[in-house]
Amino acid sequence: MDLIKKMCKFNVARDGDKYCAHHQAQARGQDAKGKEDGSHKEDWGTQHGPTHRVLCIYCKTWIIRKKIEKHHSKCPALLREKERRAQPYYKENVNAGISNVIPKPIGLGEERGEAGQHFVSKSSSVTVEPDLTENEKTALVVVLKAICKDLDEIESDTGLCKECAPHAPSKPVGKAWKHFQQQSSILACLKSRGLFEDSKKVVLELGAGKGGLGTMASRAFGSDIVMVDYGSFRNTTDRYARQAGAKVCRIQMDLKHLLVERIPDLAGRSFVFCSKHLCGNATDFALRAVSRCLGPAKIVDGQDRKEEGTPLMEGLAIATCCHHRCTWGSYVGQKWLKELKIGERKFAQICRWASWATTVKSGKTKGAEAEEKRRLEVGRMCKRVLDRGRELYIDSLGLETTIVRYVDGGVTGEDKLLLGIRPR
């Protein structure tokens, strides 16, 4: 394989063949070029030959060009994408913010090194490189220190939920115990603020993964759950929620395209939104998605967010993480940062520095002890500033907002929880 400078390790196609089925056509084309009569040169050695392969950009399989139309009539990945786009709760980039979206040209197939010029299934955001000078970086650190100095101290709220105790792991060790501590503490923070007094509330878990947090809520409080995640997972915990008598709805969709108010299982009901370690700009997508479920009189960004049958969000809890994966276009706290003279380039640098808060702590970054301590401090300040922008956005929605430390730092380095409670 010339492109990656490696040898293919697949078995040969048939006895006596020199190459596997995947590389057979390419090999024959190379052999044909050496023949004096040029036989099969057009067939095997050009892009227009009958066995030239193109890439199905949905299932990532190389298909013979003349069979690509037939393949897409039954491609499971494409069929799932079409089904997803046909749902009433799908709208392209509805929660993407003002990001610079570049459509990826996609279609029936993709040539080697080329792309089909047809339909777009996904989009990507442009990330600006933080090309700051050393003086600009020094000045930015000073600004971050000034911002954090004016912010309130983050309080600890690390108690566990007693309703979750019967479902704790048999031994308080390992990953299962760490996950339980985080799930139980998040639910305890919500319960102490009166959000689980009514078992009829639905729990909406965005970025659900295997569904551990939502399942714990259903087992502890008997709530129905709606779980949304971009990926599909094996060995989910949904079965435990169903055994507890809860109704479970699982949706596979990018949060960037999700219309929460049109999910059938939430129609006309009150819900609590919670998420454990919602990665990077997925937190911003999620906040925009639930901002349209705030009540009949709430207006956000000049638009009435209430429609007939819209569910009502009573509160939210988001354990943020992976701040280095945030993007300027999708970030909900842009207005606040602009007031502080922090633009796209400085934002990119803040995101890059945010990774220091966890990499230094875990001992993965080499350097002198003083330098590591400095990096750790800068990384924590960056995370604090990014979460502050989100806190102000939630506050602008009319919710009572706070940030707490919901677990000890020894359990996870990402130990901050964004809380927003609907006034009663």
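1. A good place to start in this predicted model is Phe273. Leaving aside residues up to four places away in sequence, Phe273 touches Leu204, Leu206, Leu278, Ala286, Val290, Met313, Gly315, Leu316, Ala317 and Ile318.

2. Phe273 also stands out in the largest nonpolar core: of the 38 residues there, Phe271 and Phe273 touch the most other members. At least two residues of this core come from each of strand 6, strand 7, strand 8, strand 9, helix 9, strand 12 and helix 13 (369–396). Helix 9 is the biggest giver, with 6 residues.

3. Do have a look at the other core too. Apart from the largest one lies a core of 33 residues, and Ala188, Met227, Val272 and Val411 are among them.

4. Now for the sheet. Its 8 strands run in the order 5-13-14-12-9-6-7-8, forming an open sheet with mixed pairing. Strand 5 (155–156) and strand 8 (248–252) are the edge strands, each pairing on one side only.

5. Two helices are worth tracing against these strands. Helix 7 (residues 212–221) packs on the sheet and touches strand 6 (202–206), strand 7 (225–229) and strand 9 (270–279); the directions of helix 7 and strand 6 make about 170 degrees. Helix 9 (residues 282–290) lies across strand 6, strand 9 and strand 12 (312–321), and runs at about 170 degrees to strand 9.

6. Finally, a detail of the pairing. Strand 13 (residues 400–405) and strand 14 (residues 416–421) run antiparallel and are joined by 6 bridges. If you would like a pair to find on screen, Ile403 has Leu418 in strand 14 as its bridge partner.

Definitions and conventions: Residues are numbered from 1 along each chain as its sequence is written. This is a predicted model: local features need pLDDT of at least 70, side-chain atom pairs count only at pLDDT 80 or more; totals for chains, interfaces and linings use all residues. Side-chain values use heavy atoms; hydrogens and water are left out. Two strands pair if DSSP finds at least two bridges between them. Helices (H or I, at least four residues) and strands (E, at least two) are DSSP runs, numbered from the N terminus. Contact means heavy atoms within 4.5 Å. Axes are lines fitted to C-alpha atoms, for helices over the stretch in contact, and angles run from 0 to 180 degrees between N-to-C directions. A nonpolar core is a set of buried Ala, Val, Leu, Ile, Met, Phe, Trp, Tyr and Cys residues joined through side-chain atoms within 4.5 Å. Buried means under 20% relative accessible area, exposed over 50%, partly exposed in between (1.4 Å probe, protein chains only).
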